[in-house]
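Visitor: Before we discuss any details, could you put the model on the screen and take me through its features step by step?

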Amino acid sequence: MRKIRNIFRARTLWILLILIAFIYLNNTPHLTAARGGAPKLLAHRGLAQTFPMEGIENDTCTAERIYEPEHEFLENTLPSMEAAFAAGADMVELDLKPTQDGQFAVFHDWTLECRTNAEGTTKDYTMAELKMLDIGYGYTADHGKTYPFRGKGVGMMPSLPEVVEHFPGKELLLHIKSEDPEEGKQLAAYLSTLKKEERDLLTVYGGDQPIAALKELLPETRVMSKATLKQCLLSYEASGWSGYIPDACRNTELHIPEKIAPWLWGWPDKFLNRMERANTRVVIVGGDGSDFSSGFDTIEDMRRLPGGYSGWIWTNRIDRIAKAVQTGIDD
């Protein structure tokens, strides 16, 4: 009996060792050919004024705490998006807010007071009325002593159709900021008016409920929410060691915080290859996931990426990062 137990233990040990070896060989980056190519860059809100991220909440008025301006561009405007693409962005992210007359304005804040010379929300105004506002009104870098963009932002709040028509052939990431499922339905109604090749250039992310509503109406649309991201990553952590890609990780978008990324099976190249085969875009963002707006905005940030990284990078400073990618990070 003891001999049988010893044989059983030996076999169990060998099976365990073989399994460990399989997991290692199937996921180690050391046995994966380099993907090659440069990273792709996602410009958050175009080329925009930036600000310290410490203490930022959903309702923080970021226009009141910008750094001393280094350029003239304001977030979520056509000129800022043009500048981002010209600098080297492969995709631009923009924010959507519903209007009184059933359109989507491209604007970030929950209310208008912080950034503009009006009060209330975008839903209180028609798109034509929002066009009359000065979206540069509230920007200050010195606690209200000066307002360098006041009077320069009149008429610069675009509608979503304006942006889509202005950038044919360009990839855009649309952000629904609310948890209202009606906004998902409204966006689906607009997207359904576009040609398939136009819709294929658009990705939508945001609240769980509007994203679910949109996906139900337009199932072929690439979307992401916290729910879809969590479902994919939990499923992948359970089975990804084998190389299996769960259905939750197919035809979607993943925004992966840099501190979580190393814990994913096969990170970076095998993971990126697997997601690419599943038609899923992987975007690495800064930090630990507590703030998905945190990006790679300096040369020092870029040096934290794995050597030869060729996935997507989220940045708030496309003007700095694109230049670093083009010329070489260590130059």
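Visitor: How many helices and strands are in the chain?
Guide: What is shown here is a predicted model, and its C-alpha trace spans about 90 × 45 × 35 Å along the principal axes. Counted over the chain, the secondary structure comes to 11 helices and 9 strands.

Visitor: What percentage of the residues count as buried?
Guide: Burial is judged here by relative accessible area, with under 20% as the cut-off. Of the 331 residues of the chain, the share that counts as buried is 48%.

Visitor: Among contacts between residues at least 6 apart in sequence, what percentage join residues at least 24 apart?
Guide: The contacts in question are those in the chain whose two residues are at least 6 apart in sequence. Within that set, the portion joining residues at least 24 apart is 65%.

Visitor: Which residue forms a salt bridge with R317?
Guide: A search of the whole structure finds 16 salt bridges, and in the one formed by R317 the closest N and O atoms are 3.2 Å apart. R317 sits in the loop between β9 (312-315) and α11 (318-327), while the partner sits in the loop between β1 (40-44) and α2 (78-87), so that distant parts of the chain, 247 residues apart, are linked. The residue that pairs with R317 is E70.

Visitor: Is R317 buried or exposed?
Guide: The partner E70 has a relative accessible area of 54% and is therefore exposed, the threshold being over 50%. R317, by contrast, has a relative accessibility of 5%, and because this is under 20%, R317 counts as buried.

Visitor: How many residues apart in sequence are the parts tied together by R320 and E70?
Guide: R320 also forms a salt bridge with E70, and the closest N and O atoms of that pair are 3.2 Å apart. R320 counts as partly exposed, at 36% relative accessibility. Because R320 lies in helix α11 and E70 in the loop between β1 and α2, the pair ties together parts whose separation in sequence is 250 residues.

Visitor: In which helix do E182 and K185 both lie?
Guide: The side chains of E182 and K185 meet in a salt bridge, at 3.3 Å from N to O. E182 is partly exposed, with a relative accessible area of 46%, and K185 is likewise partly exposed, at 41%. The two residues are 3 apart, about one turn of the helix, and the helix that holds them both is α5 (residues 181-191).

Visitor: Which residues are joined into one network by salt bridges that share partners?
Guide: A network of this kind arises where salt bridges have partners in common. The residues joined in this way are R45, E75, D95, D109 and R115.

Visitor: Why is the disulfide of C61 and C114 right-handed?
Guide: C61 and C114 form one of the 2 disulfides, their sulfur atoms being 2.0 Å apart. C61 lies in the loop between β1 and α2 and C114 in the loop between β3 (104-106) and α3 (127-130), 53 residues apart. Both cysteines are buried, C61 with a relative accessible area of 16% and C114 with 12%. The disulfide is right-handed because the torsion about its S-S bond is about 85 degrees.

Visitor: To which residue is C232 joined by a disulfide?
Guide: C232 lies in helix α8 (residues 226-239), and its partner lies in the loop between α8 and β7 (253-257), so the pair ties together parts that are 17 residues apart in sequence. C232 is buried, with a relative accessible area of 1%, and the partner also counts as buried, at 0%. The link is right-handed, with 105 degrees about the S-S bond, and the cysteine joined to C232, at 2.0 Å from S to S, is C249.

Visitor: How many nonpolar, polar and charged residues are in the lining of the largest cavity?
Guide: The search finds 1 cavity of 30 Å³ or more, and about 60 Å³ of space lies in the largest cavity. The residues that line it are L74, E75, N76, V106, F107, R115, I135, Y139, M156, M157 and P158. Sorted by class, this lining has 8 nonpolar, 1 polar and 2 charged residues.

Terms used: Residues are numbered from 1 along each chain as its sequence is written. This is a predicted model: local features need pLDDT of at least 70, side-chain atom pairs count only at pLDDT 80 or more; totals for chains, interfaces and linings use all residues. Side-chain values use heavy atoms; hydrogens and water are left out. A salt bridge is a side-chain nitrogen of Lys or Arg within 4 Å of a carboxyl oxygen of Asp or Glu. Helices (H or I, at least four residues) and strands (E, at least two) are DSSP runs, numbered from the N terminus. Buried means under 20% relative accessible area, exposed over 50%, partly exposed in between (1.4 Å probe, protein chains only). A disulfide is a pair of cysteine sulfur atoms within 2.5 Å. On a 1 Å grid over the protein atoms alone, a cavity is a set of points where a 1.4 Å probe fits but cannot get out, and a pocket is an open set with protein on both sides within 12 Å along at least five of seven lines; lining residues have an atom within 4 Å of a point. Grid points are joined across faces, edges and corners, and a volume is the space filled by probe spheres set on the points. Ala, Val, Leu, Ile, Met, Phe, Trp, Tyr, Cys and Pro count as nonpolar, Asp, Glu, Lys and Arg as charged, and the others, Gly among them, as polar. Contact means heavy atoms within 4.5 Å.
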